[in-house]
Every structure is written in C-alpha cells, then in structure tokens.
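Please open the model in your viewer and keep the sequence panel beside it, since each stop on this tour begins with a selection.

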Amino acid sequence: MNDVVIIGGGPAGLFCALQAAGEERRVIVLEKKPLPGRKLLVSGSGQCNITHDGEISGFFARYSEHGAFLRPALMNFTNRDLIAFFAARGLGMTAEPGGKVFPATRRSADVLAVLLSECAARGVEVRCGEAVRGVERDGGVFLIRTEKSTLRAGVLVLATGGASYPATGSTGDGYAFARALGQPVTEVAPALTPIFVEDYPFADLAGIAFQNLALSVYRDRKRVSRNTGDLLLTHTGLSGPGILDLSRAVRPGDVLRVAFLPGANREAVRKRVVDAVAAGGSRQVKTVLCALPLPERFVRRLLDLAGVSGETTCARLPKTARNALVAYLAEFPFTVARLGGWNEAMATRGGVALDGINQKTMASKTVPNLYCIGEVLDIDGDTGGYNLQAAFSTAALAARHIARPSI
C-alpha cells in the first residue's frame with residue numbers, strides 16, 4: 001500500500017510531496033496533465049511572482065477574513081523560508097520596489113525545475129497523464145481510482161488547485177473529491193478578475209492606468225467594501241491590481257465608485273478639484289485638470305461627459321458643469337455588468353470549507369488522514385504573490401504533520 005498519494009502536481013502538491021517524503025514513506029503525486037505545474041508556468045506572465053516582501057505579519061490582512069485561519073501555516077513556513085529554500089538550491093529571488101518577489105531569472109520554469117529536482121532526489125514518484133476519476137474510503141485507507149489503476153493510500157492530500165485557468169488543469173476536480181469523502185465545500189466563483197461595466201464610456205481609452213486610487217463597492221446604496229490600489233482602463237471595463245483584489249467582494253449589479261486622484265478619498269478629491277478650478281481664472285479647465293495630474297485623453301472624455309468645451313476657462317465654467325466634473329473625479333460610478341470568468345480569473349473564491357480543516361495541520365476534522373492544501377481551500381489572497389505563498393505554506397504545514405513519527 002502506498003503511504004501517501006497527492007492529487008495535483010502544482011506547487012502545493014509538489015512541495016508537500018518533497019517535504020513529506022522519507023525513507024520509509026512512499027509518496028506518489030498524480031497529475032492529470034502530461035506535464036506538472038502548468039498553472040505555475042503561466043503565473044506572473046511566466047515570470048512567477050512567487051511571494052511578497054516584508055514581514056509575514058503583514059500577510060494576514062491580505063486574505064480577507066481568512067487570514068486568521070492561515071496564521072499557523074504562514075508562521076510555520078514564511079516568505080523568508082520560501083526564499084531561502086530556493087536560494088539554497090541555486091535559484092535566487094529578487095524583490096521589486098512594490099514588494100513583489102520573483103526568481104532572479106524571471107522564469108517560472110526555473111521554479112518548477114527546482115521542485116521537480118527535489119522530488120526526484122527524495123524519491124517522490126510523479127505520475128503525469130493519470131487523471132483521478134474518483135476517491136473513497138475503504139476501512140482505514142483511501143481508494144484512488146485513476147484512468148490506469150486503483151491506488152490504496154493511508155494518507156490522501158487534495159492539492160488540485162481551484163477552477164481558474166481550466167486549460168492548465170485547474171477544473172475544480174478537488175471539490176468533487178472532497179464532497180465524495182464527506183468534506184464540506186463552499187460555493188465557488190472566479191476571483192481576482194477584471195470587472196466588465198455597463199454603458200462603459202472609456203472603451204477607447206484602454207491602456208490608461210492610475211495608481212493608488214480609492215475604490216468603493218456599493219450594493220443597494222450601501223457600501224459593502226473598499227480598497228486602495230492601481231486601476232487600469234480596458235476596452236470593456238476595469239482591471240489592474242486594485243480592481244482584481246476588490247473583485248472578490250463585487251457582484252453583478254453593484255456600483256463601483258472610483259476617486260480618480262491618487263492617494264485621496266472622495267472628500268479630498270472634491271476639495272482639490274473645487275480649489276483648483278476656483279483658482280484657475282482665465283486658464284482652460286482642461287489645463288487645470290491635467291495639472292492635478294490627470295491624463296489628457298481622460299480629461300477630454302470627462303469634459304465631453306459633462307458637456308464642457310475643451311476651450312472653456314475656469315472663470316466661465318457653469319456651476320452645474322463644475323459639479324458634474326467634481327462628482328466624476330471624486331466618485332465616478334461604474335455599474336458592474338459581470339465579472340471575468342474562469343479563463344480570466346487569477347484565483348478561485350470558495351472551496352473546501354475552512355471550518356472543516358484543522359488550521360494547525362491542514363488535516364480534515366472528520367476524515368482521518370485527509371489533507372487539503374493550496375487553492376482547493378476556501379482561501380483567496382490579494383495579487384502580489386500572496387496566493388502562491390499560501391500554497392507553499394499550507395503544503396509545508398501538511399507535510400510536517402504527515403511526516404511526524406506517529407504516521
């Protein structure tokens with residue numbers, strides 16, 4: 001009988017495997033794709049934003065209400081531990097000014113190569129092209145049925161990822177396996193996704209980016225979430241790190257209000273715009289707004305929306321038009337038509353319910369020797385390396401428990 005079977009050959013599965021392997025413990029990784037780590041290879045546009053810089057205590061708030069659950073895993077295996085693991089194997093890491101950490105080579109393939117090399121060195125058997133069709137308990141062991149065989153395992157680890165980027169193999173299989181074993185699963189939906197907007201007025205301004213904007217989400221006229229971050233205008237709506245992070249709280253029909261001056265809330269934006277126009281005198285409104293600073297093409301569009309000529313001076317700006325421009329810049333309303341789908345989402349919202357998992361071991365509270373790690377869990381972090389760090393940290397914590405002497 002195989003000691004440990006891990007379903008999923010992504011970063012969580014491979015890292016758990018190499019950490020759990022031992023002389024008297026056989027570990028098999030089952031990966032349905034012809035090659036492992038497909039989603040890892042495309043992460044960060046192929047450059048692999050593997051984690052984030054800074055103190056690990058700053059990570060907890062990056063997972064919304066699930067940060068407390070992750071605390072033991074993150075403290076057991078921190079971002080510094082992850083960087084040191086790869087550095088010790090010849091792959092250094094570099095941090096960008098904003099805190100994102102990448103391999104020095106900027107190649108996801110190099111991260112995967114280290115994981116596979118360590119798995120091979122520690123005797124882990126990675127079986128590719130062997131999709132799992134079903135799992136069940138038989139007494140004290142698990143039966144794992146694949147396309148080619150039926151395996152028996154004393155320990156089963158679900159590391160199947162979420163449901164985003166299904167072409168890479170993340171198709172939500174792990175949720176069905178968990179349910180089959182009696183492990184609760186919450187509703188899943190795309191996360192870290194662009195937002196498509198009704199009656200979108202900036203389609204021809206795609207590519208214009210803003211930094212550090214105040215973003216708020218309203219539902220039934222009540223604010224339900226807010227965030228500060230970078231925004232990118234696209235052909236169909238909004239994207240950029242701040243929007244992707246906020247998208248986890250957004251639903252179709254919500255109104256997203258944006259303050260378009262960096263580092264200022266709507267009240268501060270209103271004051272800056274009103275004061276700037278009041279002091280503008282004979283200068284054109286367009287010139288004054290561009291000096292705030294705002295992109296000229298964006299300013300021209302706002303003037304069009306407010307019915308203001310590009311030649312209008314501040315002194316001749318009607319009060320109604322001024323108020324309209326102030327409102328646009330302080331809290332421009334975007335009605336959400338829909339969120340991006342699974343092919344556009346960077347992560348999955350929902351998954352294996354956290355109240356059914358022991359946060360100190362990643363083991364099921366009800367199914368003996370079942371572990372759930374990585375994105376199959378109901379965990380989705382901000383962009384910037386937080387999701388990959390969670391994958392490695394939960395994998396390391398599960399492996400530590402699997403490898404304890406009593407197993």
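Before selecting anything, bear in mind that this is a predicted model.

**First stop: Phe 15 and its ring partners**

Begin by selecting Phe 15 and Phe 77, one of the 18 aromatic pairs that the structure holds. The ring centres of Phe 15 and Phe 77 are 5.2 Å apart and the planes meet at 55 degrees, so this pair is classed as tilted. Now colour the chain by secondary structure: Phe 15 belongs to helix 1 (residues 11-20), while Phe 77 sits in the loop between helix 3 (67-76) and helix 4 (79-87), so the pair ties together parts that lie 62 residues apart in sequence. If you switch on a surface, are Phe 15 and Phe 77 buried or exposed? Both Phe 15 and Phe 77 are buried, and for Phe 15 the relative accessibility is 0%.

Keep Phe 15 selected and add Phe 85, whose ring centre is 5.0 Å from that of Phe 15, with the planes at 85 degrees, so this pair is edge-to-face. Here too distant parts of the chain are linked, because Phe 15 is in helix 1 and Phe 85 in helix 4, 70 residues apart. Phe 85 has a relative accessible area of 7%, and it therefore counts as buried, the cut-off being under 20%.

**Second stop: a three-stranded sheet**

Next, select strands 3, 5 and 4, which form an open sheet in that order with antiparallel pairing. The edges are strand 3 (51-52) and strand 4 (93-95), each of which pairs on one side only. Strand 3 and strand 5 (residues 100-103) are joined in the antiparallel sense over 2 bridges, and if you pick Thr 51 you will find Val 101 in strand 5 as its bridge partner.

**Third stop: charges over rings**

Select Arg 137 together with Phe 142, and you will see that Arg 137 lies over the face of the ring, at 4.4 Å from the ring centre. Then move to Arg 338, the charged end of which sits over the ring of Phe 196, 3.8 Å from its centre.

**Fourth stop: residues 190-345**

Now select residues 190-345, where an unreviewed UniProt entry places the feature "domain: RsdA/BaiN/AoA(So)-like insert". The end C-alpha atoms of this span lie 5 Å apart, and the span is 31% helix and 28% strand.

Show the side chains of Tyr 200, Phe 202, Phe 210, Phe 260, Phe 298, Tyr 328, Phe 332 and Phe 334, which ring pairs link into a cluster.

With that cluster still in view, trace the strands. Strand 12 (residues 209-219) pairs with strand 15 in the antiparallel sense over 5 bridges, and Val 217 stands opposite Leu 256 in strand 15. Strand 15 also pairs with strand 16, again in the antiparallel sense, over 4 bridges, and there Val 258 is opposite Phe 332 in strand 16.

**Last stop: helix 11**

Finish by selecting helix 11 (residues 319-331), whose 13 residues should span 18 Å at 1.5 Å a residue; the end C-alpha atoms are 18 Å apart, which agrees. Which residues of helix 11 are buried? They are Ala 321, Leu 325, Val 326, Leu 329, Ala 330 and Glu 331. To see what covers these buried residues, display the elements that include strand 15 (255-259), helix 8 (266-278), helix 9 (285-290), helix 10 (296-305) and strand 16 (332-339).

Key
Residues are numbered from 1 along each chain as its sequence is written. This is a predicted model: local features need pLDDT of at least 70, side-chain atom pairs count only at pLDDT 80 or more; totals for chains, interfaces and linings use all residues. Side-chain values use heavy atoms; hydrogens and water are left out. Rings of Phe, Tyr and Trp (its six-membered ring) pair if their centres lie within 6.5 Å; planes under 30 degrees apart count as stacked, over 60 as edge-to-face and the rest as tilted. Buried means under 20% relative accessible area, exposed over 50%, partly exposed in between (1.4 Å probe, protein chains only). A charge sits over a ring if NZ of Lys or CZ of Arg is within 6 Å of the ring centre and within 35 degrees of the ring normal. UniProt positions are given in the numbering used here, feature names are shortened, and annotations may be inferred rather than shown by experiment. The expected span of a helix is 1.5 Å times one less than its number of residues. Contact means heavy atoms within 4.5 Å. Two strands pair if DSSP finds at least two bridges between them.
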